[in-house]
Amino acid sequence: MCRKIIIVGAGPAGVSAAVQLTRLGHKPRLFDSTGHVGGLLVNARRIENYPGFAQGISGPEFIGHLSAILARWKIDVEQAHLQTITPDDEGFSLTFAQKTVKTSRVILATGTLPIELPELKPASIRIFYEVAPLLAAQPREVLIIGGGEASFDYALSLADRAIHVTLAFRGEFPRAQGVLVFEAMENPFITLSPLTVLSGISPSGVPHVLQNGVPIEFPGAALLVATGRRSTCSTFSLPCDGSPFTKHRGLFIAGDMRLGGLGQLGCAVGDGLYAAFLAARSNP
Ligand SMILES: Cc1cc2nc3c(=O)[nH]c(=O)nc-3n(C[C@H](O)[C@H](O)[C@H](O)COP(=O)(O)OP(=O)(O)OC[C@H]3O[C@@H](n4cnc5c(N)ncnc54)[C@H](O)[C@@H]3O)c2cc1C
C-alpha cells in the first residue's frame, strides 16, 4: 500500500494540490497522461483575470510558472494515463496504462473532455477540439463551431498568426461576452457567423454549414469544434454533483472536473488547495 497521496491531472488544480500537500509535509505523487504540466492552459491566449498578473499572461507563460513551482518543491510529473479507480478494503486501486498503484487517498483533477457533435461521426477529416494541436498543423483557414469564450479565444489565437477564421454559432448572439467578443469583432482575420449550424462534412472532407438556412461550404478549412466540455467524472463512474467529496472516503475531486465543464484558472487553483486540505485531514 502506497501511503503517499496520489494526484491525477497536472493542470492548475492538480499542481496547486501537489504544492500545498508538499508544504504540509506530505510527499504526493502527481500523474498526468501527457507527462506535462498545465492541462488546458496550453490553449489560452491571454489570461487577464488572474490576480498577480496585472498585464495578463499567456497560457504557456503561466505554465512556465507552474513548472517552476513544482521544481521549487521537487515534485515530478509522472507520465501515466489513469484508466480505472477501484475502491477496496484498504483504499483504492488505481490502474494506469502500464501499472497499478494502491493508496488510501486520491485527488482526481483530470479536467474535462470536449462535447463531440454527433453529425461528425464518422468524420473523414481530422477534427480539432483545442487550438494548440491545430496551430501545430499550420492551417491557412479555420472554421470554428461554437460561440463560447473558448471559441473566441481560439479565434484570436489563430488571427494573431494571420490565419483566417470563420466563427460560427447557433444563436443571433454568441454565448461569450465582453472583451473577447469586442476584440474579435474588430479583428480583420475573424468573420462572425451567427444563426449558423454545422450541417456535416462532405465525402471529400469539406465542412459545410447552414447559415440562416443557406448552405455554405468551407473547402480547405480546418475544423475546430468548441461546443462545450464535460467533466471526466463519468470516465471513472463518479457522479458530477459539484462537490469535492465523493461517496468514497479519501477520494476527492478538484478543478474543472468538479465544476462539470470549462471553468476558470483561479477556481481550479483554489480547488486544488482545498482538495489538498481535505486529503491531508482525512484519516486513511
Ligand atoms: C482557450 C482557453 C482559454 C482560457 N482562458 C482562461 C482565462 O483567460 N482565464 C481563466 O481563468 N481560465 C481560462 N481558461 C480555463 C482554464 O484553462 C481551466 O479552467 C483550467 O485549466 C482547469 O484546470 P484543471 O486543472 O481543473 O483541468 P485541466 O487544465 O483540464 O487539466 C487536467 C489535466 O488532467 C490530465 N488528465 C486527463 N485525464 C487523465 C487521465 N485519465 N489520467 C491522467 N491524466 C489525465 C490532462 O492531461 C490535463 O493535464 C481557458 C481555457 C481555454 C481552453
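**Ligand site and domain contact in a predicted model**

A backbone N or O atom of Leu82 lies 2.9 Å from a nitrogen atom of the ligand. The protein buries 91% of the 1000 Å² that the ligand exposes when taken alone. The model is predicted, and the distances and areas reported here are computed from it.

Two further residues place polar atoms beside the ligand. His81 does so through its side chain: a polar atom there lies 3.5 Å from a ligand nitrogen atom. Gly263 uses its backbone instead, with an N or O atom 3.3 Å from an oxygen atom of the ligand. In total, 33 residues surround the ligand. Leu82 is among the five that come nearest. The others of that group are Asp32, Asn49, Asp256 and Leu265.

The chain itself is divided into two domains. Domain 1 is made of two stretches, 6–114 and 229–281. Domain 2 covers residues 118–225. Leu82 and His81 fall within the 6–114 stretch of domain 1, and Gly263 falls within the 229–281 stretch. The centres of the two domains, taken over C-alpha atoms, are 30 Å apart.

The domains also touch. Eleven residues of domain 1 and 14 residues of domain 2 take part in the contact. About 850 Å² is buried between them. Carbon and sulfur atoms give 43% of this area. On the domain 1 side, three residues stand out: Asn43, Arg45 and Pro114 supply 66% of the area that this domain buries against domain 2. No other three residues supply more.

Charged and polar groups also meet across this boundary. Three salt bridges are counted between domain 1 and domain 2. A salt bridge also joins the side chains of Arg45 and Glu183, with 3.3 Å from N to O. Arg45 belongs to the 6–114 stretch of domain 1, and Glu183 to domain 2. Arg45 is thus named twice, once for buried area and once for a salt bridge. Six residue pairs are in polar contact between the domains, counting pairs with both residues at pLDDT 80 or more. The side of domain 1 that touches domain 2 is mixed in character: five of its residues are nonpolar, two are polar and four are charged.

Note on methods
Residues are numbered from 1 along each chain as its sequence is written. This is a predicted model: local features need pLDDT of at least 70, side-chain atom pairs count only at pLDDT 80 or more; totals for chains, interfaces and linings use all residues. Side-chain values use heavy atoms; hydrogens and water are left out. Domain bounds come from an automatic or database domain assignment. Contact means heavy atoms within 4.5 Å. Buried area is the accessible area (1.4 Å probe) that two parts lose on being put together, summed over both. A salt bridge is a side-chain nitrogen of Lys or Arg within 4 Å of a carboxyl oxygen of Asp or Glu. A polar contact is a pair of N or O atoms within 3.5 Å; within protein, one must be able to donate a hydrogen and the other to accept it, and residues adjacent in sequence count only if both atoms are side-chain atoms. Ala, Val, Leu, Ile, Met, Phe, Trp, Tyr, Cys and Pro count as nonpolar, Asp, Glu, Lys and Arg as charged, and the others, Gly among them, as polar. A residue is near a molecule or strand if one of its heavy atoms lies within 4 Å of it. Accessible areas come from the Shrake-Rupley method with a 1.4 Å probe; for residues, only the protein chains shown count as cover.
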